[in-house]
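Hi,

Here is the structure I promised to pass on. Have a look at it first, then read my notes below.

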Amino acid sequence: MKLLVTGGAGFIGSNFIRYLLKNYPSYQVINLDKLTYAGNLDNLSDIEKSSNYRFTKGDICDQKLVEEIVSEGINVIVNFAAETHVDRSLYDPKSFVNTNITGTQVLLESALKFKIKRYIQISTDEVYGSVEKGEFFTEGSKLLPNSPYSASKAGADLLVRSYFKTFKVPALITRSSNNYGPYQFPEKLIPLFITNALVDKELPVYGDGLYIRDWIYVEDNCKGIDLVLHKGKEGEVYNLGGGAEKTNLEITNLILQYLNKPSSLIKHVKDRPAHDRRYAMECKKAEKELGFKPGVGLEEGLKKTVEWYLTNRSWWEKVKSGEYLKYYEKHYLQREKV
Ligand code: NAD
Ligand code: DAU
């Protein structure tokens, strides 16, 4: 099998490529990534010389380049490439529309033109919007996105659906909950708070900190994507959750506990606009049809993640310098304290 994995230099994409090469040594993988601020080839340094792996720097919106690659006999496309941070989508929605919607359409068009065997769109639980306590989103729930990020992901999902319905492109969609684990860019809650706490910097908790997310260890998501890729039914959507709902303050306190740092590092800051209160999905479909079950519990996964950031300090110190730091200081550190 010859796969085009897009966005493979990011967090989940790099974990997925490592997972694929380990579990399917006969597969060939081409990684197409634009290397935005979130793309980092250090994430793949241990496998960059593998004979069945190749990296190409480029944009999924570049139709000519995408067609050149897909025409090389690609059977499968797995699309991770995206602008992914909700807070950034508040400052620069256009880049989210470009990559997440236009980029997806370019990939779908190539999938159609070159009659690929399978197209996997990596989507998110955020397309469903926020859900009340006691309720759960299913694959049939309405799409009610609340940020430019989630709206662009929902737009992409609808395009995928339309290419399946109209042109019979063999497409499938995964919607996972919040991932965490090694190589996550330290702008997202867990890696930001671990790396800040390690240098005794404040942990900016938005609003009351009682927002709820369902957390999935990244390797469990990779396993779920593997199942969808090999066993999923064309045209279907599969929710992949971790079954581990926590408030942001609960996550923050666990991180402080594992690092033996004081709770005085917590600073409540101004809330994110249109902040979704709770994400929670029912994942019975993936369990029943594909045998999906997350294997890593939240506490075990969080301990492993903390350990990874402790032993890979040079990785995140490099990432947290330069352009990232300038952006972070401009937009986040100036948030008013509440
Ligand atoms: P990330 O931000 O770590 O990585 C995104 C990658 O895409 C980067 O390597 C970046 O360089 C690349 N990229 C961006 N624009 C591109 C373009 N135009 N062309 C080619 N490459 C481009 O993201 P992530 O957290 O690994 O998320 C991967 C996918 O999973 C995304 O589609 C995201 O919406 C989805 N997802 C993420 C989570 C999560 O918790 N992180 C949860 C559910 C779904
Ligand atoms: O649910 C899946 C989604 O999870 C993915 O589709 C997105 O790509 C990914 O970024 C993530 O979105 P969230 O907005 O849930 O993740 P984030 O890490 O930005 O925030 C998690 C929660 O923590 C959220 O309630 C906001 C809060 N938060 C976040 C940051 C960065 C804080 O309180 N302080 C912070 O500094």
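**What I found**

Let's start with ligand 2: one of its oxygen atoms lies 2.8 Å from a backbone N or O atom of Thr-84. That is a polar contact, meaning a pair of N or O atoms within 3.5 Å (within protein, one must be able to donate a hydrogen and the other to accept it, and residues adjacent in sequence count only if both atoms are side-chain atoms). The protein covers 94% of the 680 Å² of accessible area that ligand 2 has on its own. Accessible areas come from the Shrake-Rupley method with a 1.4 Å probe, and for residues only the protein chains shown count as cover.

Before going further, some housekeeping. This is a predicted model, so local features need pLDDT of at least 70 and side-chain atom pairs count only at pLDDT 80 or more, while totals for chains, interfaces and linings use all residues. Residues are numbered from 1 along each chain as its sequence is written, chains are lettered from A and ligands numbered from 1 in the order in which they are written, and side-chain values use heavy atoms, with hydrogens and water left out.

**More on ligand 2**

Two side chains also reach this ligand. A polar side-chain atom of Thr-124 lies 2.7 Å from an oxygen atom of ligand 2, and a polar side-chain atom of Arg-213 lies 2.7 Å from an oxygen atom of ligand 2 as well. There are 23 residues around ligand 2, and Asp-125, Glu-126, Tyr-149, Asn-178 and Arg-272 come nearest. To count as near, a residue needs one of its heavy atoms within 4 Å of the molecule or strand.

By class, that shell has 10 nonpolar, seven polar and six charged residues. Here Ala, Val, Leu, Ile, Met, Phe, Trp, Tyr, Cys and Pro count as nonpolar, Asp, Glu, Lys and Arg as charged, and the others, Gly among them, as polar. Helix H6 (189-198) and strand S8 (203-206) each supply at least two residues of the shell. Helices (H or I, at least four residues) and strands (E, at least two) are DSSP runs, numbered from the N terminus.

**Ligand 1**

Which residues come nearest to ligand 1? Of the 28 around it, they are Ile-12, Asp-33, Thr-84, Tyr-149 and Lys-153. Lys-153 has a polar side-chain atom 2.7 Å from an oxygen atom of ligand 1. Backbone atoms join in too: an N or O of Lys-34 lies 3.1 Å from a nitrogen atom of the ligand, and an N or O of Asn-179 lies 2.9 Å from an oxygen atom of the ligand. The protein covers 97% of the 840 Å² of accessible area that ligand 1 has on its own.

The shell around ligand 1 divides into 11 nonpolar, 13 polar and four charged residues. Helix H1 (11-23), strand S5 (118-124), helix H5 (148-167) and strand S7 (178-180) each supply at least two of them. The largest share, three residues, comes from S5.

**Two residues in S5**

Ile-122 is found in strand S5. Is Ile-122 buried or exposed? Ile-122 is buried, with a relative accessible area of 7%; buried means under 20%, exposed over 50%, and partly exposed in between (1.4 Å probe, protein chains only). Not counting residues up to four places away in sequence, Ile-122 touches Val-78, Asn-79, Phe-80, Lys-153, Thr-174 and Ile-225. Contact means heavy atoms within 4.5 Å.

Arg-118 lies in S5 too and counts as buried at 13% relative accessibility. Leaving aside neighbours within four places in sequence, its contacts include Asn-75, Pro-170, Val-228 and Glu-234.

**Salt bridges**

Side chains of opposite charge can pair when their charged atoms come close. The structure holds 20 salt bridges, each being a side-chain nitrogen of Lys or Arg within 4 Å of a carboxyl oxygen of Asp or Glu.

- Lys-113 pairs with Glu-67, the closest N and O atoms being 2.9 Å apart. This pair links distant parts of the chain, with Lys-113 in helix H4 (residues 93-113) and Glu-67 in helix H2 (residues 63-70), 46 residues apart.
- Glu-245 and Arg-278 meet at 2.8 Å, N to O. Glu-245 is partly exposed at 31%, whereas Arg-278 is buried at 3%.
- Lys-2, Arg-54 and Glu-72 are linked in a network of salt bridges.

Cheers
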